[in-house]
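User: I have a model open and want to learn how to read it. Can you take me through it feature by feature?

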Amino acid sequence: MTKTSSTLLAALVLAGAASGAMAQSFMTDKAEVEKLLTGATFKGVYLRTQSAYTLEFGSDGTLTDTTGAKARWWVDDEARYCREWLDGKLKGNIGCMNVEREDGRISLYAAGQKVVEGTVSGK
């Protein structure tokens, strides 16, 4: 192995170790996620556009976003927040996101990428 390739290999190993150290700690208890979201209002930032983002989680399974679009929401067996948009530009879109709670902040992850972060209030 050349010096250059061993240096590259060492850099890759260190990068892998660093990314593992920064792994997300998603919530894993379905009942805990349901309790957190039911009847709550999430206010935060949609990270792709850096725009303000609000979700209102009805205790009856209804969901409304910043634009007024309506959806139904639930928590699946993997403790992910799921929703199906019933109208608006995302009508018919179904997806589930992992939930991370840390230091009073909530983050939502789609396919391992943080897409929204903010706080949950009201009940």
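**Reading the fold, turn by turn**

Analyst: Start with a hairpin. S6 and S7 form one, with two residues between the strands. Asp-103 in the turn has a positive phi of about 55 degrees. Keep in mind that this is a predicted model.

User: In what sense do S6 and S7 pair, and over how many bridges?

Analyst: Antiparallel, over five bridges. S6 covers residues 94-102, and S7 covers residues 105-110. To see the register, take Glu-100, whose bridge partner in S7 is Ser-107.

User: Which other strand pairs with S6?

Analyst: S5, residues 81-85. That pairing is also antiparallel, and it has four bridges. Tyr-81 has Met-97 of S6 as its bridge partner.

User: How do I get the overall layout?

Analyst: Count elements, then read their order. The chain has two helices and eight strands. Along the sequence the pattern is α-α-β-β-β-β-β-β-β-β. Of its 123 residues, 31% count as buried. Then check how far contacts reach. Among contacts between residues at least 6 apart in sequence, 37% join residues at least 24 apart.

User: Which strands pair with S1?

Analyst: S2 and S8. S1 (residues 41-46) runs antiparallel to S2 over six bridges. Six bridges also join S1 to S8, again antiparallel. Gly-44 has Tyr-53 in S2 as its bridge partner. For Lys-43, the partner in S8 is Thr-119. The hairpin of S1 and S2 has four residues between the strands, and Gln-50 there takes a positive phi near 55 degrees.

User: How do I read a helix against a sheet?

Analyst: Begin with geometry. An α-helix has 3.6 residues a turn, so residues three or four places apart point the same way. Now look at H2, residues 30-37. Its buried residues are Val-33, Leu-36 and Leu-37. They cover an arc of only 85 degrees around the axis, which puts them on the same side of H2.

User: What covers the buried residues of H2?

Analyst: Strands, among them S2, S4, S5, S6, S7 and S8.

User: What should I check at the helix ends?

Analyst: Look for side-chain contacts at the start. Here a side-chain oxygen of Asp-29 reaches to within 2.9 Å of the backbone nitrogen of Ala-31. After the helix, look at phi. H2 is followed by Gly-39, with a positive phi near 75 degrees.

User: Which residues other than glycine have a positive phi in loops?

Analyst: Two cases to look at are Ala-79 and Ala-111. Ala-79 has a phi of about 65 degrees and sits in the loop between S4 and S5. With 1% relative accessibility, Ala-79 counts as buried. Ala-111 has a phi near 50 degrees and lies in the loop between S7 and S8. Ala-111 is exposed, at 82% relative accessible area.

User: How many salt bridges are there, and how do I judge what each one links?

Analyst: The count comes to six. For each, ask where the two partners sit. Asp-77 pairs with Lys-30, the closest N and O atoms being 3.4 Å apart. This pair links distant parts of the chain: Asp-77 is in the loop between S4 and S5 and Lys-30 is in helix H2, 47 residues apart. Asp-77 is exposed, while Lys-30 is partly exposed.

User: Where else is H2 involved in a salt bridge?

Analyst: At Glu-32, which meets Arg-101 at 2.4 Å, N to O. Glu-32 lies in helix H2 and Arg-101 in strand S6, so the pair ties together parts 69 residues apart in sequence. Arg-72 and Glu-84 form another, at 2.9 Å. Arg-72 lies in S4 and Glu-84 in S5, so parts 12 residues apart are tied together. Salt bridges with shared partners also join Asp-76, Glu-78 and Arg-80 into one network.

User: What about a charged residue without a salt bridge?

Analyst: Check burial, then look for the nearest opposite charge. Arg-83, in strand S5, is buried yet has no salt bridge. The nearest side chain of opposite charge is Asp-65, 8.3 Å away. A salt bridge needs a distance within 4 Å.

User: Which side chain makes a polar contact with the side chain of Arg-83?

Analyst: That of Asn-93, at 2.8 Å. Arg-83 also touches other residues, including Leu-63, Trp-73, Trp-74 and Met-97.

Methods
Residues are numbered from 1 along each chain as its sequence is written. This is a predicted model: local features need pLDDT of at least 70, side-chain atom pairs count only at pLDDT 80 or more; totals for chains, interfaces and linings use all residues. Side-chain values use heavy atoms; hydrogens and water are left out. Two strands pair if DSSP finds at least two bridges between them. Buried means under 20% relative accessible area, exposed over 50%, partly exposed in between (1.4 Å probe, protein chains only). Lys and Arg count as positive and Asp and Glu as negative; His and the chain ends are not counted. A polar contact is a pair of N or O atoms within 3.5 Å; within protein, one must be able to donate a hydrogen and the other to accept it, and residues adjacent in sequence count only if both atoms are side-chain atoms. Contact means heavy atoms within 4.5 Å. The arc is that of the directions from the helix axis to the C-beta atoms.
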